[in-house]
Each structure stands twice: as structure tokens, then as C-alpha cells.
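Dear colleague,

Please find below the structure that I am handing over to you. I would be grateful if you could keep it open while reading the notes that come after it.

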Amino acid sequence: MKWQKWHRILAWMAGLQMILWLITGLTLSLLPADLLNDSKDRVRSSPNVIATPLPDLTPLLREHGDKLLGVDVAHHLPQAVYQVKTTEGDHWYRIKPLAPFTPTIAELTWVAAASYSGNAPLSRPELITSPAQSISNTPVYLVTAGDTQIYIDTASARVIAHKHTGSQIKQWLLMIHFMDYFPDNGLGFNALPIQIMALLALTMGLSGVATLISRGLAGTLVLPFKLAGSKTLEVFDLENRPLAEFKCRGSLLQSINHKQKTLTTRCGGGGSCGMCRLRWLEDAPEPTKQDRFALSEAMLTEGVRLGCQHKAGNMKVALSTPAQQKYWQRQTSDDTHPATKG
Ligand code: FES
């Protein structure tokens with residue numbers, strides 16, 4: 001019971017995420033690639049020609065000293081700029097005259113326009129101090145053009161990303177598919193939520209095996225290939241009139257419902273709903289833990305037990321509630337219900 005309860009809870013948790021994996025994976029592969037493509041209207045600017053000779057780099061070497069890793073010439077602006085790489089990060093300088101670089105609105109607009117192949121007019125660059133983490137951890141400039149958002153780095157004036165409705169949908173699908181539910185989680189199959197889910201799935205498998213073993217030990221496990229036993233279970237109605245006979249397969253509930261569901265349950269044999277209660281007409285077995293949990297002392301004294309918790313055998317049992325009898329009659333009212341079930 002304990003294992004079965006855990007197995008059910010874990011199955012819900014792991015099953016839900018597996019359904020989400022399936023749905024998002026299928027959606028990602030079935031939607032047209034162009035619809036989800038971040039860069040569908042993005043063009044990569046070609047390098048501009050820069051004036052030569054380049055200015056003397058001595059001031060930069062002196063300013064960054066030991067921390068200097070290298071100097072590149074970047075061509076993504078109307079005028080090329082220096083990218084000074086240091087151990088503390090990158091610094092940007094105008095080349096002529098040599099001076100620290102801060103992009104102007106005109107330059108940002110030029111960069112956005114150069115990266116965009118659509119026809120919609122561009123908005124004025126707007127500073128976004130807390131962009132989405134998937135775009136940047138630092139402030140960015142945003143330029144919109146129709147459905148497209150163009151994100152530009154504030155330090156270098158380089159285009160970081162283009163986004164549009166399709167790419168937002170893709171981001172949501174990827175977030176669910178990779179369980180990217182926490183900040184800094186990132187996309188990948190080695191993230192903490194996926195590791196937790198893998199452990200849950202493993203525990204679900206183990207609790208399933210434990211459930212099978214405990215059912216096997218209790219004699220209430222029915223395997224699909226198990227043949228009917230030679231013993232016969234006789235079932236009577238509330239007034240002790242014969243209703244039907246069944247060949248025994250595992251529990252009383254499984255034997256009775258083997259071919260046609262005539263005893264309804266809510267827990268499917270889990271021992272928690274109490275709807276499979278039957279009254280033993282002779283030699284009631286010892287009550288199990290589940291019997292004691294689901295049935296009152298008076299019922300136990302009358303010989304009432306849970307049909308899902310006891311192994312069927314040569315025995316006589318009767319229905320124990322009017323609701324059971326009503327359900328049984330409704331299920332068998334078409335007269336096709338044979339007196340003895342296989
Ligand atoms: S089927 Fe629910 S308690 Fe037996």
C-alpha cells in the first residue's frame with residue numbers, strides 16, 4: 001500500500017513532465033523552422049574598410065598594462081573601433097581620434113538597420129536595464145521593427161539578438177522541454193531539475209517493482225498470462241441469493257472483474273476507496289491493515305473485507321451495499337452476463 005501510494009504520486013509527477021517533453025518536442029519538430037528562427041530577418045554586416053595608418057596603440061598598452069590580452073579591430077559600426085581584450089573584460093575605443101567608445105543614438109540606429117532585412121520602420125533605441133536573462137545579464141538597447149525586437153550591447157554596440165513572436169514561442173517550448181524552470185538553469189540535459197526528474201523516475205520504477213513484489217506476496221497479483229485457477233468463487237446478492245461464479249485469478253476483485261466490470265472501484269485495487277467491500281458468508285479471513293483502515297469494527301465483525309486485498313479461492317461472498325447491487329444489476333441487465341465467468 002505504502003509503495004503503491006508512492007508509485008502513484010511519482011507516476012503523476014514523472015508522467016506529467018514526460019507528456020510535456022513529448023508535446024514540446026513534437027511541436028518543435030513539426031512547426032516550420034522559419035517560424036521559430038530567431039534570425040529570419042537578420043543580416044550579418046560585412047566589414048567596413050578602415051582608414052590607415054592606424055593610430056599609435058601605446059596609450060592603450062600603457063592604460064591596461066599587465067591585464068592586456070590583445071587588441072582587435074571591430075567592423076560592425078559605420079567606423080571601425082578597437083576591441084581591447086583584458087583579463088577584466090573587453091573595452092571599446094574609437095580609432096580616430098583614439099578615445100573610449102560610447103555608442104551614439106545614430107550609431108545604434110545604424111547598427112540595428114544594418115542587421116534588419118525587413119521593411120518595417122525602426123523605433124528609436126531604448127535602454128533596457130533588466131533584459132531577459134536569455135538575452136543578456138547587463139543592460140541593452142532595444143530597437144523594434146514591426147514584430148521584431150533587436151537587442152544591442154551597450155558597450156560594443158553589437159547586435160546581441162533578434163527576437164519575434166515565433167522565437168518567443170520557441171523559447172517557451174525549449175524552456176519546458178529542458179525544464180529550464182530556474183534562473184541560471186540553462187538549456188541542457190544535465191540541469192538540476194532534469195537530474196531530480198531522473199531520480200524520481202528511478203524511484204517510480206523501484207516503487208513499481210516493490211508494489212509488484214508486495215502484491216505477489218499477498219497473492220493479489222495477476223499477470224496477463226496467468227491462467228485461471230481451478231478454484232471457484234461464488235458471489236451472492238444482499239439477500240444471499242446466488243449471483244455468479246468466477247474462476248479465481250489473484251484477488252476477489254480481479255477475479256470478479258476479469259471479463260466484465262461488475263464491481264466498481266475508485267482506487268483500482270489500491271485498498272483505499274473501500275468500494276470493493278464484500279461480506280464473507282463463511283470463514284472470513286483475518287483483516288489486513290487496509291481492511292482495518294477502510295472498514296469499521298462492526299463491518300469487520302460481520303465478516304466484511306476489501307475484495308481487492310484478499311486472494312480468491314473456494315469461497316462464498318455477498319455484496320455488502322445497495323449501491324454495489326444496483327451497479328451489478330445495471331452491468332448485467334442485458335442478460336448476456338453468464339452465470340459462471342471464465
Ligand atoms: S478497490 Fe478500492 S479499496 Fe478495494
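The notes below go from the protein as a whole to one sheet, its helix and the annotated spans.

Please bear in mind that this is a predicted model. The protein contains 10 helices and 14 strands. Of its 342 residues, 23% are buried. Among the contacts with a separation of 6 or more, 53% are between residues 24 or more positions apart.

I turn next to one sheet. Four strands form an open sheet, in the order β5-β6-β7-β8, with antiparallel pairing. Its edge strands are β5 (126–128) and β8 (159–163), each of which pairs on one side only. On average, neighbouring strands of this sheet are turned by 30 degrees against each other, direction ignored. Strand β5 and strand β6 (residues 140–145) run antiparallel and are joined by 3 bridges. Within this part of the sheet, L127 stands opposite Y141 in β6.

Helix α4 (residues 105–114) packs on the sheet and touches β6, β7 (148–153) and β8. The direction of α4 makes about 130 degrees with that of β7. Which residues of α4 are buried? They are L108, V111 and A112. These residues lie on the same side of α4, because they cover an arc of only 100 degrees around the axis. The spacing fits a general rule: an α-helix has 3.6 residues a turn, so residues three or four places apart point the same way. The cover over the buried residues of α4 includes β6, β7 and β8.

Helix α5 (residues 165–177) permits a simple check of length. At 1.5 Å a residue, its 13 residues should span 18 Å, and the end C-alpha atoms are indeed 18 Å apart, so the two values agree. After α5 comes M179, which has a positive phi, near 50 degrees.

Finally, there is the database annotation. An unreviewed UniProt entry lists residues 9–31 and 192–213 under "transmembrane region". In the model, residues 9–31 are 96% helix and 0% strand, and the end C-alpha atoms of this span lie 33 Å apart. Residues 192–213 are 100% helix and 0% strand, with end C-alpha atoms 32 Å apart.

With kind regards

Terms used:
Residues are numbered from 1 along each chain as its sequence is written. This is a predicted model: local features need pLDDT of at least 70, side-chain atom pairs count only at pLDDT 80 or more; totals for chains, interfaces and linings use all residues. Helices (H or I, at least four residues) and strands (E, at least two) are DSSP runs, numbered from the N terminus. A residue is buried if 20 or more other C-beta atoms lie within 10 Å of its own, exposed if 12 or fewer, and partly exposed in between; C-beta atoms are placed from the backbone. Two residues are in contact if their C-beta atoms, placed from the backbone, lie within 7 Å. Two strands pair if DSSP finds at least two bridges between them. Axes are lines fitted to C-alpha atoms, for helices over the stretch in contact, and angles run from 0 to 180 degrees between N-to-C directions. UniProt positions are given in the numbering used here, feature names are shortened, and annotations may be inferred rather than shown by experiment. The arc is that of the directions from the helix axis to the C-beta atoms. The expected span of a helix is 1.5 Å times one less than its number of residues.
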